[in-house]
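Please look over the sequence and the structure below before reading on. The paragraphs that follow move from the interior to the annotated positions.

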Amino acid sequence: MPTDSWVNETLYAEWGQRFLVKRELARVKSDFQDIMVFESYTHGRVMVLDGVIQITEMDEFAYQEMIAHVPLLAHGDAKRVLIIGAGDGGVLKRVLQHRTVEKAVMVEIDGEVIRLAKEFMPGIAGDAWTDPRATVIVGDGIDYVRQAEAGSFDVVIVDSTDPIGVGEVLFTDEFYANAARLLSDRGLIVNQCGVPAMQADELRETALRRAKSFPDNWAYVAAVPTYVGGFMTLGWASKDASLRQVPVEEIRRRADVAGVLDTTRYWTPEIHVGAFNLPPYISMHLPR
Ligand code: SAM
């Protein structure tokens, strides 16, 4: 693609955002998806999977901080963390920032996403790839959760593509049932649930599925500029309803102990607590 041509996001057939390309860096057809990485004028480097913007250097912090810090600090004693998807490594980096974490296993289906992120967006994961607490597996998340030992993780983070193509299995009853089994007694799972103004079905349907395996079900919000359409939702399911009602001062104390307080650009203790307060246009899609 020549410099100064436009990339149009194809997530929605009738509406979308576009980027002016400063320089194309990679275009690969992997066994699973079409991957493109380019340098933009406005958002730093950008990764696109099957025509959908996944990550930009300019605003990745908002998404990564909220999908990683909220579940770990809500749990309060998360030592073993399972990450599904997230091939760019940004969630792994935020999880390993917590000095309380002893083990992080990341299962990404597409080794090409990892390779291209390491080569062209190395700042996203930083040193996380070589952290001795990290295990990175190239494989399907559904296979991993089927085989994982009962009670072997405290937190599961699903940073997947939308429920189309390879990502679809991560939104099924079977996936959530296995997630409930592999989580410890106070365990919890969060998952990428799209932008409800445009993808309300994704939020509604995944919440109903999670509810079959977990007693406590909800969602929380984050505003990520390049996931266009307003707030995006992160689905939440846990075995213990008190985990999403931890007071702000306790969240601050835990963040201090974990070593993440004052390191963030989006997450704060107040935003953590406030993110569970949903506008009615979003909460109307969740089971009561
Ligand atoms: N944070 C960005 C977002 O939400 O758009 C980035 C998402 S991350 C790059 C999504 C990753 O999930 C992709 O690299 C994709 O290959 C991976 N993925 C999709 N289906 C998967 C599966 N069944 N098992 C493991 N990883 C999967």
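Which residues does I157 touch, not counting residues up to four places away in sequence? In this predicted model, I157 touches I67, A68, P71, V81, I83, V91 and V190 once those sequence neighbours are set aside. I157 is also among the residues with the most contacts inside the largest nonpolar core, together with V81, I83, L92, V95, A104 and A222. That core has 84 residues, and its largest share, nine residues, comes from helix α1, which spans residues 60-75. Both domain 1 (6-56) and domain 2 (60-283) contribute to this core, with at least three residues drawn from each.

From the core one can turn to D159, which lies in strand β9, residues 153-159. D159 is one of the positions that an unreviewed UniProt entry covers with the annotation "binding site", the others being D88, S160, T161 and D162. Is D159 buried or exposed? D159 counts as buried because it has 26 C-beta neighbours inside 10 Å, where 20 or more are needed. Leaving aside neighbours within four places in sequence, D159 is in contact with I67, I83, G85, A86, V91 and Q192; of these, I67, I83 and V91 are also touched by I157.

T161, listed under that annotation as well, is found in the loop between β9 and α6, the helix of residues 173-182. T161 is likewise buried, since 22 other C-beta atoms lie within 10 Å, and its contacts beyond four places in sequence are with L49, V166 and G167.

A further "binding site" annotation, again from an unreviewed UniProt entry, lists Q33, E108, D140 and G141. Of these, E108 has its place in strand β7, residues 103-108, and is buried because 25 other C-beta atoms lie within 10 Å. With neighbours within four places in sequence left aside, E108 is in contact with G85, A86, G87, V113, I114 and V138. G85 and A86 are therefore contacts of both E108 and D159, so that these two residues link positions from the two annotations.D140, by contrast, is found in the loop between β8 (134-138) and α5 (141-147). D140 is partly exposed because 18 other C-beta atoms lie within 10 Å, a count below the 20 needed for a residue to be buried.

Terms used: Residues are numbered from 1 along each chain as its sequence is written. This is a predicted model: local features need pLDDT of at least 70, side-chain atom pairs count only at pLDDT 80 or more; totals for chains, interfaces and linings use all residues. UniProt positions are given in the numbering used here, feature names are shortened, and annotations may be inferred rather than shown by experiment. Helices (H or I, at least four residues) and strands (E, at least two) are DSSP runs, numbered from the N terminus. A residue is buried if 20 or more other C-beta atoms lie within 10 Å of its own, exposed if 12 or fewer, and partly exposed in between; C-beta atoms are placed from the backbone. Two residues are in contact if their C-beta atoms, placed from the backbone, lie within 7 Å. A nonpolar core is a set of buried Ala, Val, Leu, Ile, Met, Phe, Trp, Tyr and Cys residues joined through C-beta atoms within 7 Å. Domain bounds come from an automatic or database domain assignment.
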